[in-house]
Amino acid sequence: MNIDPRSASISRRDFVRDSSALAAAAFLGRLAEGAPGAEPAAGPAYVCRPLLTAALDFEDVSRGHPKPFDLTGAALESARLTPETWRLEVVADPFTSEQVKEPASLAKQFTIADGTALDLPALLELGRKRGVKFIKAMQCLNIAEPLGQGLWEGVPLREVLRLCGPLRNVRRIYYWGFHNDDPGQLFQSSLSYTEAMETPPGDLPPFLALRLNGEPIPLKRGGPVRMIVPWSHGFKSIKWLQRIVLTNDFRANDTYANSNNDPDSHLKTAAYISAPPKSLAAGQSATVGGLVISGLSGLQRVEYWLRRRDPAESPVEENDEFFSHATWVPCELETPPADWSRILPAGVSSREVLGFDPATGQPATWPLRYSMISWFATLKDLAPGAYEFRVRAVDGNGFAQPEPRQLAKTGKKAVAVSRFEVK
């Protein structure tokens with residue numbers, strides 16, 4: 001069972017209306033075409049999410065008070081969060097210690113004090129020469145569901161750092177953005193020098209994002225400029241970017257590292273249930289669906305396990321013995337659109353998007369690495385009773401959730417579960 005290509009425009013109203021209508025029509029049409037003989041009475045049907053989330057429809061997990069997107073007028077300008085007032089400083093860290101004998105140094109720094117800080121026109125000009133585009137899902141480290149997915153455009157971090165000329169004693173890149181004037185609410189992150197400067201050809205580099213879905217990034221999504229680290233959870237993709245510091249300090253400075261999180265964890269291949277049924281009538285079919293993120297190890301398949309349960313029993317804890325006796329059934333995956341011009345913003349060709357074959361304009365892998373697509377499974381012929389439905393992703397190395405990660409603070413890894421009744 002496949003899902004036909006779906007339309008997606010960038011205006012929020014048209015985007016949601018067109019994408020949802022086409023997805024529902026394609027999905028229900030294929031159910032009817034592929035049905036041999038009489039089918040059970042139709043129950044709930046899962047409608048695939050648009051491949052691109054409208055900018056203002058992303059879930060928001062911003063920290064601090066007041067939040068930057070609540071500022072207006074002079075306060076917004078003073079915070080340097082308008083296109084005209086935005087500035088980026090790139091400086092060397094003078095830090096030394098018993099372990100760090102020499103400080104980092106740059107041939108050229110960019111500061112507000114001397115009037116050399118980079119402004120938006122300078123970054124846009126660099127983007128015209130060295131810009132990149134790619135589709136990325138945004139997911140926080142410890143949050144139950146993905147926040148959204150967009151086509152991000154901008155300038156690789158390495159191109160900005162090259163403006164600084166020769167670098168000495170630089171081992172790590174620290175960066176942060178505006179949050180407010182309270183130092184205790186500063187939110188920051190970091191990358192190694194190699195992660196910032198060296199990316200295998202065709203892979204996705206960390207970059208300074210300027211556009212989302214073909215438009216300037218809204219303030220609520222971290223504009224005018226935010227960092228995007230393709231392989232990582234959202235805490236690395238700092239919003240309202242304003243300062244980059246090159247340091248010889250080898251330690252990560254990530255805010256998340258202070259709460260026992262793994263600051264170097266990559267996106268985990270994982271499946272999520274979006275709209276589980278709460279109850280069904282006996283003999284009624286239902287389509288359960290959700291999203292799956294293709295993380296660092298790629299995606300091999302999504303599979304589900306449905307079992308009868310005693311309504312009075314306690315929830316089953318995840319453990320290898322329990323899952324090893326389960327019968328897991330492959331789910332269907334959303335197929336790539338045949339016509340990407342109906343998905344991408346006007347004027348953007350899939351041939352110029354990283355992760356796509358520049359000759360054919362089709363994805364080099366599916367799902368695209370660090371992106372998400374829909375999965376679904378049709379349930380039918382269920383007898384009355386209480387049921388438990390679980391879904392998990394199996395990555396390209398053959399690891400099924402929650403493997404291979406054992407630590408709780410390395411990204412969402414738990415097997416999603418839903419319970420419902422058939423009456």
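Okay, one definition before anything else: a nonpolar core here is a set of buried Ala, Val, Leu, Ile, Met, Phe, Trp, Tyr and Cys residues joined through side-chain atoms within 4.5 Å. And keep in mind that what you're looking at is a predicted model.

So, with that in hand, how many residues does the largest nonpolar core have? It has 85, and I244 and W375 are the ones with the most contacts inside it. Strand 10, residues 207-212, gives the largest share of this core, namely five residues. There's also a second core, separate from that one, with nine residues, including Y46, C48, A137 and Y272. As a general point, nonpolar side chains in soluble globular proteins tend to be buried together.

Since C48 just came up, let's do cysteines. C48 sits at 2% relative accessibility, so it counts as buried, the cut-off being under 20%. C331 is buried too, at 11%. How many disulfides turn up in a search of the whole structure? Zero.

Next, the sheet. Five strands make an open sheet with mixed pairing, and the order is 15-22-21-17-18. At the edges you have strand 15 (279-280) and strand 18 (329-330), each pairing on one side only. Further in, strand 17, residues 299-309, pairs with strand 21 in the antiparallel sense, over 10 bridges. If you want a spot to click on, try W305, which stands opposite R390 in strand 21.

Now some backbone oddities, starting with cis peptides. One joins W366 and P367, with omega about 0 degrees. P367 is in the loop between strand 19 (332-333) and strand 20 (372-379). Another cis bond runs from E403 to P404, again with omega near 0 degrees. P404 is in a loop as well, between strand 21 (385-395) and strand 22 (416-422).

Then there's positive phi in residues that aren't glycine. R80 has phi near 60 degrees, and you'll find R80 in the loop between helix 2 and strand 2 (87-92). W240 comes in at about 50 degrees, in the loop between strand 12 (226-228) and strand 13 (241-247). Are these two buried or exposed? R80 is partly exposed, because its relative accessibility is 22% and buried would need under 20%. W240 is buried, because its relative accessible area is just 1%.

Let me spend a minute on D254. This aspartate is in the loop between strand 13 and strand 14 (270-273). Why call D254 buried? Because its relative accessibility is 1%, and the line is drawn at under 20%. What does the D254 side chain pair up with? K236: the two side chains are joined by a polar contact of 2.9 Å. K236 is also among the residues D254 touches once you skip anything up to four places away in sequence. The others on that list are R172, Q188, S189, S190, F235 and P263.

For contrast, take another aspartate, D57. D57 lies in the loop between strand 1 (41-42) and helix 2 (73-78). With a relative accessible area of 24%, D57 is partly exposed. D57 and Q149 are 92 residues apart in sequence, yet their C-alpha atoms are 9.8 Å apart in space.

That's my tour. If you open one view afterwards, I'd go for D254 and K236, with that 2.9 Å contact between their side chains.

Definitions and conventions: Residues are numbered from 1 along each chain as its sequence is written. This is a predicted model: local features need pLDDT of at least 70, side-chain atom pairs count only at pLDDT 80 or more; totals for chains, interfaces and linings use all residues. Side-chain values use heavy atoms; hydrogens and water are left out. Buried means under 20% relative accessible area, exposed over 50%, partly exposed in between (1.4 Å probe, protein chains only). Helices (H or I, at least four residues) and strands (E, at least two) are DSSP runs, numbered from the N terminus. Two strands pair if DSSP finds at least two bridges between them. A disulfide is a pair of cysteine sulfur atoms within 2.5 Å. A polar contact is a pair of N or O atoms within 3.5 Å; within protein, one must be able to donate a hydrogen and the other to accept it, and residues adjacent in sequence count only if both atoms are side-chain atoms. Contact means heavy atoms within 4.5 Å.
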